[in-house]
Amino acid sequence: MSGKLKHTPERNKEGPMTEYEAVIGLETHIQLNTITKIFCGCKADSWEDPPNTNICPVCAGLPGVLPVLNEEAVRKGARLAAAMHAEVRLVSYFDRKNYFYPDLPKGFQISQFDQALGNGGYLDVPMPEGYVRRVNITKLHLEEDAGKTKIEGGQRLVDFNRCGVPLVEMVTEPDLRSADEAAQYLIRLRQLLRWLGISEADMEKGHLRCDANVSIRPVGSMYLNPKTEIKNVNSIEAVRAAAVMEIERQIALVEAGRRVESWTLDWDDAHNRLKKMRSKETEADYRYFREPDLLPVVVTAEWRDDIIQHLPELPLERRARFMEAYGLPEYDADILTADRPISEYFEAALAAYGGDPKVLSNWIMNEVLRMQNELGLSADALTLTPKHVAGVIKMVEAGTINVATGKALLVKVQESGTAPEAIVASEGLGQVSDDAALLAVIDGVLAAHPGEVVSYRDGKEGLFGWFMGQVMRETHGKADPGKTRALLQKALKGQ
Amino acid sequence: MSIIDSPAYEIAHKVKHGELSAVAVLEAALERVAAVDGRPGTLDGGLLTDEDQAKVHAFITLTADRARVQAEQVDARVRAGEDVGPLAGVPVTFKDLYCLRGVRTTAASRILSNFTAPYSATTVERVEAAGAVTLGKVNLDEFAYGSSSESSAFQPTTRNPWDPARVPGGSSGGSAAAVASGQGCLSLGTDTGGSIRQPAAFCGVVGLKPTYGRVSRYGIIAFGSSLDCPGPLARDVRDAALMLSVIAGPDPCDSTAATVPVPNYLEEIDRGVKGMRIGLSPDFLRIAFPDPHTGEIIMEDLADEICDVTLRAADKLAAAGAEIIENIPMPNSAYGIPVYFVISRVEASSNLHRFDGVKYGYRSQGDFGDLNEMYRQTRAEGFGLEPKLRILMGMYVSAAQYSEHYYQRALNVRSMIRADFAAAFDPQGDYRLDALLTPTAPTPPFKMGDIYGDSLLMQYADQLTVSANHAGVPALTFPGGLSQEGLPIGLQLIGPDFAESTLFRAGYAFEQATADETWRAVKPRVLTEAGL
């Protein structure tokens with residue numbers, strides 16, 4: 001799907017058909033995977049902890065407490081800013097965002113307002129259709145998370161465990177032009193966050209949360225129409241579905257001659273539908289002012305440059321390099337850069353192998369990725385090392401073993417941790433390519449199945465594969481397939 | 001004379017050396033409380049009796065049992081030959097903004113009337129670790145919002161030991177009155193616009209607003225976070241220096257606490273003022289207030305008796321070897337109060353947000369279908385007049401459409417006030433002052449009820465103190481003499497950042513130079529009338 005949407009409403013058949021495009025901006029909240037919270041010593045991750053068991057006077061907002069900034073949160077925020085090509089400000093400030101809600105124990109959230117850690121930035125998102133969408137960043141700042149509330153048995157319950165978990169709020173310009181583009185942005189963002197090791201980015205667990213601002217306009221126009229804000233979308237699929245639904249709703253409204261109002265909508269994941277939460281005619285006044293309890297965040301140019309210099313090659317850069325330097329198809333490059341461990345695995349294996357990158361790519365995409373998925377491990381956690389994989393391919397290419405043996409061998413290495421060359425030697429997996437030995441096996445097979453031989457000779461040539469299988473079985477898969485094929489053909493023809 | 005009227009410094013010395021037991025000191029303190037304090041402040045305290053009107057009412061919570069355990073521990077440790085610490089056996093009180101683990105901490109507000117702190121302030125921990133004995137929590141203006149202590153929700157409010165018909169000043173009125181009347185030797189207060197110094201001056205004791213960041217704020221209920229300075233109230237300069245040496249220094253729980261090394265204040269205190277350059281400013285010998293109709297700043301000279309006491313002190317310091325430099329321009333201090341009105345209230349209204357009935361403290365009783373209704377009722381019932389006024393003002397001047405005009409402008413003027421001090425103290429500048437000498441308050445203590453209710457007029461009691469808060473610089477107040485009516489007049493020395501030691505030296509030199517003056521022998525009336 002490109003960014004353009006056609007709509008032909010029933011009631012407007014006479015008028016010229018209007019083509020609309022969606023205008024989408026995403027507000028994301030990214031939970032940083034620091035050990036402790038942003039302003040106190042409580043552990044940051046409270047997943048599955050009973051309510052209000054991971055709190056202290058500071059994050060529970062008791063009278064008299066003061067925040068103390070966790071430097072690691074700044075470091076991780078700065079890494080993200082640098083990776084998003086944003087300026088990392090040498091001096092940034094925390095501010096108070098004042099509002100009342102039971103999950104906000106201080107009655108204000110410590111956030112960053114006008115002088116945030118990150119300034120500007122963008123992400124170039126490659127779309128499956130082949131084009132690249134540049135998504136500009138308007139806001140990238142650090143803040144503390146709030147707690148959670150729920151209504152149960154007519155009572156409102158509050159859990160402060162999440163209070164003070166470090167977040168980066170990152171907001172895009174309204175640069176996305178379709179639900180699919182929004183989904184692609186989130187896919188690439190999630191990949192980046194994990195790649196940088198700054199967030200687990202698990203949307204189900206709320207590590208990455210997204211609100212989508214959606215409006216539509218006629219294709220070609222530059223103005224912005226009133227937008228709606230969709231909240232509570234906690235999977236990439238939900239973002240896509242909610243945006244599709246909202247775009248359709250807005251087009252139908254406009255086509256019916258009505259106005260899109262600035263609502264806040266709630267995504268109901270269970271029923272796949274949008275519900276109106278509230279009208280948003282007036283912006284809340286949060287009375288931002290500098291947080292007097294924290295000093296300005298001052299970083300040196302050296303500190304910042306160190307962050308930038310130590311950024312890893314980013315996933316999209318590596319993807320492009322895999323295509324360019326190794327001649328890999330986009331599909332392969334995409335898969336081999338899905339996460340940092342697999343991409344590093346590939347390059348380490350390639351260094352050890354030294355052969356055709358595409359051959360290696362096939363082995364890794366088919367065999368290693370399957371193993372990884374079955375075991376639920378990331379590539380760097382496999383016992384099977386890149387060097388092992390290279391060794392197996394080299395043995396196949398040298399004719400020492402055949403492909404089937406090679407594939408089985410990978411599994412054996414993973415299970416045993418023994419080097420593949422050692423397994424081949426000790427288990428006698430070397431390929432049988434000796435003509436006399438192969439002929440003896442073939443003769444035996446033919447003698448044992450006279451009926452099939454007659455059938456074959458009567459023209460049932462489809463049986464050839466069956467004969468190959470019998471030979472392979474007899475040799476425990478070690479027969480050199482090329483030689484076997486040639487010898488078997490001769491023998492069946494009675495030559 | 002009771003042992004409790006001795007300097008803390010001497011008591012600690014004797015306790016440490018086994019010449020005096022901490023329990024005996026505590027008993028003397030409790031005896032004094034029983035003699036002069038009357039009933040403690042309570043919510044809905046009822047009508048004032050004649051007896052109430054003659055008592056001090058410094059306390060909200062007396063922690064006699066806790067104090068006894070502490071005193072016995074101090075004595076046991078002394079007997080065991082341990083070093084108990086520089087405040088060994090010294091009875092202290094804390095303004096009821098200081099969190100004290102396991103003890104009710106009210107901020108003198110109904111909204112926190114049932115709040116028991118689960119942790120202690122850093123300063124409280126340091127004071128207790130230094131061997132002090134915690135006598136209790138003392139009264140203040142509600143959330144420290146005031147200059148007379150009359151706005152406390154805990155009635156009767158504190159009265160001035162020199163004349164119980166008068167206010168003790170505020171907001172640390174309980175601290176000042178307790179120290180002045182021998183209910184403990186030392187107290188910790190907080191100073192946001194003058195809240196240590198003005199009550200200290202009104203009660204004839206010493207008070208120090210340290211440099212912003214010299215003392216940790218962790219565990220002290222916040223008023224104006226960028227202005228708040230915890231500090232000591234004491235009966236003499238040496239005791240104030242002793243207390244500061246215990247509480248000063250960096251704190252991992254307060255990132256605004258400075259890492260500047262803490263000097264040995266006690267060692268430096270008697271080095272005298274020879275060669276010290278002490279300034280006088282005409283801008284601190286008058287008050288300036290905006291005309292309510294035109295906004296024009298009107299200047300009015302201070303009463304002669306206030307100016308006279310100040311100039312006499314300058315003469316004394318000059319005689320002790322200081323150089324007095326007159327006519328130091330401090331033009332922007334005239335805007336101290338309007339600027340304070342804006343900044344302190346923006347911060348205060350935000351700091352009050354957490355008192356919402358959800359987590360702790362008072363919650364309006366009732367079945368609320370609507371969350372906002374619960375907030376509204378709780379805050380309407382839980383907050384007194386002053387917090388409400390400050391919320392209104394603070395919310396107004398920080399609103400998006402007014403913030404630029406009020407709050408941002410106030411911040412700019414605040415920088416200008418700080419620049420005045422920087423120029424006066426600049427070692428390469430025209431004046432090269434070590435300290436500026438001023439009166440502490442524009443008037444002697446006023447009568448209860450005279451000003452209370454006029455929030456604006458009340459604020460002008462901080463006229464001479466508030467600039468030091470804006471600038472963040474340290475300021476020491478100490479008794480300078482008595483008014484014609486026999487009421488204390490306080491003097492203030494303001495110094496550059498982290499120059500507390502200089503201020504102590506000058507204040508101590510003044511004490512030494514005036515030790516034999518007759519006014520020094522005059523005691524607060526509640527003590528003489530009780531035959532103490």
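Let's begin with B:Asp304, which counts as exposed because its relative accessibility is 60%, and the cut-off for exposed is over 50%. Please keep in mind that this is a predicted model. If you want to find B:Asp304 on the screen, look in helix α9 of chain B.

So who are its companions? B:Asp304 gathers with B:Glu300, B:Asp301 and B:Asp308 in a patch of negative charge on the surface. Two elements of chain B, β11 (297-301) and α9 (304-319), each supply at least two residues of that negative patch.

Now over to chain A, for a patch of another kind. Here A:Leu90, A:Val91 and A:Val298 form a nonpolar patch on the surface. Together these three residues have about 230 Å² of accessible area. Let me pick out A:Val91, which is found in strand β4, residues 91-92 of chain A. Its relative accessible area is 36%, so A:Val91 is described as partly exposed.

My last stop is A:Thr475. Where does A:Thr475 have its place in chain A? You'll find A:Thr475 in the loop between α14 (464-474) and α15 (481-492). And is A:Thr475 buried or exposed? A:Thr475 counts as buried, because its relative accessibility is 7%, and buried means under 20%. There is also a polar contact to look at while you have that loop on the screen: the side chain of A:Thr475 reaches the backbone nitrogen of A:Ala479 at 3.3 Å.

Thanks, everyone, and I'm happy to rotate the view for anybody who wants another look.

Methods:
Residues numbered from 1 in each chain as written. Chains lettered and ligands numbered in written order. Predicted model: local features only at pLDDT ≥ 70, side-chain atom pairs only at ≥ 80, totals over all residues. Heavy atoms only, no water. Patch = residues over 30% accessible without salt bridge, like charges linked within 9 Å, V, L, I, M, F, W, Y side chains within 5 Å. Areas by Shrake-Rupley, 256 points an atom, 1.4 Å probe, with all protein chains shown as cover. Salt bridge = Lys/Arg side-chain N within 4 Å of Asp/Glu carboxyl O. Lys, Arg positive; Asp, Glu negative; His and termini not counted. Charge placed at Lys NZ, Arg CZ, Asp CG, Glu CD. Helix = DSSP H or I, 4+ residues; strand = E, 2+ residues; numbered from the N terminus. Buried < 20%, exposed > 50% of the residue type's maximum accessible area, 1.4 Å probe, protein only. Polar contact = N/O pair within 3.5 Å; in protein donor to acceptor, adjacent residues only side chain to side chain.
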